[in-house]
Amino acid sequence: IRGCEMVSDHITVRADPADETIGVTASGDVDDAHFEWGPDYVHIESWPSGPVESMFSIDYMEDIVQAFHSEAPIRIEFGDEFPIRFTQPFAEGAGDCTMMCAPRISSY
């Protein structure tokens, strides 16, 4: 998120089952930023049937990301033009924190 906020006020999050990657892209007037994670960095429980992507406000996403701790895994669920949901366990698995963000811009 920090790398993308220098470029734009929104990000596009996508997942592609063909190459088993999850990516975040920000496109601005002057520059672009792209970050991608593959199977070495993410554990995918289930892939969508095809590529999916949604666009979100960086301001909202930054607030959500700051609430999570880096040492615990984060479950991310999203779809094509769907809200994104983040879930992370806390208190050694005694509970879960879930936050959602609705898409900012529809591509349709």
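In this predicted model, strands S6 and S7 are joined as a hairpin that leaves four residues between them. Within that turn, Ala 91 adopts a positive phi of about 50 degrees. Strand S6 covers residues 84-90 and pairs with S7 in the antiparallel sense over seven bridges. Two residue pairs help to locate this ladder on the structure: Ile 84 has Cys 101 of S7 as its bridge partner, and Gln 88 stands opposite Cys 97 in S7.

A further hairpin links S5 and S6, with six residues between the strands. Here Glu 81 takes the positive phi, near 55 degrees. The pairing of S5 with S6 is antiparallel and runs over three bridges, and Arg 75 stands opposite Thr 87 in S6.

Taken together, these strands make an open, antiparallel sheet of three strands in the order S5-S6-S7. Strand S5 (75-77) and strand S7 (95-101) each have a single partner strand, so each of these edge strands has one side without a neighbour in the sheet. On average, neighbouring strands are turned by 20 degrees against each other, direction ignored. Helix H2, residues 58-66, packs on this sheet and touches S6 and S7. The direction of H2 makes about 175 degrees with that of S7.

The other sheet is also open and holds four strands, in the order S3-S2-S1-S4, with antiparallel pairing. Its edges are formed by S3 and by strand S4 (52-57), each of which pairs on one side only. Neighbouring strands in this sheet are turned by 15 degrees against each other on average, direction ignored. Helix H2 packs on this sheet as well, through contacts with S1 and S4, and its direction makes about 90 degrees with that of S4. Between S1 and S4, the antiparallel pairing extends over six bridges; in S4, Phe 56 is the bridge partner of Ile 11.

Ile 11 and Phe 56 meet again in the interior. In soluble globular proteins, nonpolar side chains tend to be buried together. The largest nonpolar core of the model has 14 residues, of which Cys 4, Ile 11, Phe 56, Met 61 and Ile 84 touch the most other members. At least two residues of this core come from each of strand S1 (10-16), strand S2 (21-27), H2 and S6. Helix H2 gives the most, with three residues. Ile 11 offers a good place to start when exploring this region. Leaving aside residues up to four places away in sequence, Ile 11 touches Ile 1, Cys 4, Val 24, Thr 25, Ala 26, Ser 54, Met 55, Phe 56, Ile 58 and Met 61.

Next along the chain comes Thr 12, which also lies in strand S1. Thr 12 has a relative accessibility of 15%, under the 20% cut-off, and therefore counts as buried. With residues up to four places away in sequence again left out, Thr 12 touches Gly 23, Val 24, Thr 25, Glu 53, Ser 54 and Met 55.

Gly 28 gives a view of a loop, the one between S2 and strand S3 (32-37). Gly 28 is partly exposed, with a relative accessible area of 26%. Beyond residues up to four places away in sequence, Gly 28 touches Val 7 and Ser 8. Gly 28 and Met 6 are 22 residues apart in sequence, and their C-alpha atoms are 8.9 Å apart in space.

Looking at the protein as a whole, there are two helices and seven strands, arranged from the N terminus on as α-β-β-β-β-α-β-β-β. The radius of gyration is 14 Å, close to the 13 Å that the globule rule gives for 108 residues, so the protein is as compact as a globular protein of that length. Along the principal axes, the C-alpha trace spans about 45 × 30 × 25 Å. Buried residues account for 31% of the 108 residues. The accessible surface comes to about 7,200 Å², and carbon and sulfur atoms hold 51% of that area. Finally, among contacts between residues at least 6 apart in sequence, 49% join residues at least 24 apart.

How values were computed: Residues are numbered from 1 along each chain as its sequence is written. This is a predicted model: local features need pLDDT of at least 70, side-chain atom pairs count only at pLDDT 80 or more; totals for chains, interfaces and linings use all residues. Side-chain values use heavy atoms; hydrogens and water are left out. Two strands pair if DSSP finds at least two bridges between them. Axes are lines fitted to C-alpha atoms, for helices over the stretch in contact, and angles run from 0 to 180 degrees between N-to-C directions. Contact means heavy atoms within 4.5 Å. The radius of gyration is taken over C-alpha atoms; the globule rule is 2.2 Å times the number of residues to the power 0.38. Buried means under 20% relative accessible area, exposed over 50%, partly exposed in between (1.4 Å probe, protein chains only). Accessible areas come from the Shrake-Rupley method with a 1.4 Å probe; for residues, only the protein chains shown count as cover. A nonpolar core is a set of buried Ala, Val, Leu, Ile, Met, Phe, Trp, Tyr and Cys residues joined through side-chain atoms within 4.5 Å.
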